[in-house]
Amino acid sequence: MEELPKFPDLTEAERKALEELMPDDMSEIITSGIKRRHFLKLFAMTGTSLLATHILGIEQLIARSVPVPQQVPVLIENGINISFRVNGSDQKLMVDSRMTLLDTLRERLDLTGSKKGCDHGQCGACTVIVDGRRVLSCLTLAATCEDREVTTIEGLAVGNKLHPMQTSFIKHDGFQCGYCTPGQICSAVALMDEAKNGEASYVTANVRRKSGSVKLSDEEIRERMSGNICRCGAYPNIVNAIREVHGDKAVAQVWQFADGTN
């Protein structure tokens, strides 16, 4: 059988894993890239978060496979032109002046990692990072992001190298259904900078004392992450994941990979 041309953004490890799990879909994957229906099929087949490690970070693979399209100028009632930087890429587009950052990311830029949960700023599933600060993108107008730097879950990894927070969430099984996970991880990444800058929280013992950084206790982490809701109840594992990235090497791993490695 003639070998199909290799999809340029698919690594050998990813290709091998996909060939093992879903050989019938390889022709389409190689020629046009992995789609979200393939991702859902993989989860239905495996039913486990081990899949995330098996194919080296599915969200980043999908983000590479489906490049952000060039925006074609369109006429929109109440439209305004905005330019901002998303995951290191300059974007210029016209949006409705009332359009949220979340809808702009999902509907105009095809960055669907950020989820629309409550759409009222109460669940945290839509959390992204703007100029180093975490924001609720469902309550943030896209127009307010002019000339700003936006980072979504798709922009945290560098190639196939996951962000340390992503790796830690996988290691400590910090997710179950995964719907809230993009917002949880973005919030946790921004939280690290807040602690490094010594920013106080509601449970900080002495808010008047300025310190170089904050040592994150379990109580501090829970308070600072309280805006991100996980209906599956993976909170203890999320706390452990954040503690390890924060530098607590004593965090015990709650499970091991199938081959017995950590």
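Start by selecting helix 10, residues 235-246. Its buried residues are N237, I238, V239, N240, A241, I242, R243 and E244, where buried means under 20% relative accessible area, exposed means over 50% and partly exposed lies in between (1.4 Å probe, protein chains only). Helices here are DSSP runs of H or I with at least four residues, strands are runs of E with at least two, and both are numbered from the N terminus.

A word on the model before moving on. This is a predicted model, in which local features need pLDDT of at least 70 and side-chain atom pairs count only at pLDDT 80 or more, while totals for chains, interfaces and linings use all residues. Residues are numbered from 1 along each chain as its sequence is written, and side-chain values use heavy atoms, with hydrogens and water left out.

**Along helix 10**

Keep helix 10 selected and look at its length. The helix has twelve residues and reaches 16 Å from its first C-alpha to its last, close to the expected 16 Å; the expected span is 1.5 Å times one less than the number of residues. Now bring up what surrounds the helix: the cover over its buried residues includes helix 7, helix 8 and helix 9 (218-224). Just past the end of helix 10, click on G247, which takes a positive phi of about 120°.

**Helix 7 against helix 10**

Add helix 7 (164-171) to the view. Two packed helices are described by the angle between their axes and the distance between the axes. Helix 7 and helix 10 pack at about 135°, with axes 8 Å apart; axes are lines fitted to C-alpha atoms, for helices over the stretch in contact, and angles run from 0 to 180 degrees between N-to-C directions. That makes helix 7 oblique to helix 10, since angles under 35 degrees count as roughly parallel, over 145 as roughly antiparallel, 65 to 115 as roughly perpendicular and the rest as oblique. The crossing of helix 7 past helix 10 is right-handed: the near helix is turned clockwise from the far one by less than a right angle, whereas anticlockwise would be left-handed.

Which residues of helix 7 and helix 10 make the contact? Show P164, M165, S168, F169 and K171 on helix 7, then I238, A241, I242, E244 and V245 on helix 10; contact means heavy atoms within 4.5 Å. Coloured by type, these residues divide into seven nonpolar, one polar and two charged. In this scheme Ala, Val, Leu, Ile, Met, Phe, Trp, Tyr, Cys and Pro count as nonpolar, Asp, Glu, Lys and Arg as charged, and the others, Gly among them, as polar.

**Helix 8 against helix 10**

Next, select helix 8 (181-196). Helix 8 and helix 10 pack at about 40°, with their axes 11 Å apart, and are therefore oblique to each other. Helix 8 also passes helix 10 in a right-handed crossing. On the helix 8 side, the contact is made by Q184, A188, L191, M192 and A195, and on the helix 10 side by I238, I242, V245 and H246. Those residues divide into seven nonpolar, two polar and no charged.

**The loop between helix 7 and helix 8**

Three residues are worth a click in this loop. H172 sits in the loop between helix 7 and helix 8 and counts as buried at 0% relative accessibility. Draw a C-alpha to C-alpha distance from H172 to I238: 7.4 Å in space, with their positions 66 residues apart in sequence.

D173 is in the loop between helix 7 and helix 8. D173 has a positive phi of about 55° although it is not a glycine, and it is partly exposed at 24% relative accessible area.

Then go to C180, in that loop. Is C180 buried or exposed? C180 is buried, at 13% relative accessible area. Leaving aside neighbours within four places in sequence, C180 is in contact with I229 and C230.

**On to helix 6**

Finish at helix 6, residues 101-108. Six of its eight residues are buried, so helix 6 is largely enclosed by the rest of the structure. Select L101, L102, D103, T104, L105 and R108 to see the buried ones. Their cover includes strand 1 (79-86), strand 2 (89-96), strand 3 (127-130) and strand 5. Helix 6 is followed by D110, whose phi is positive, near 60°.
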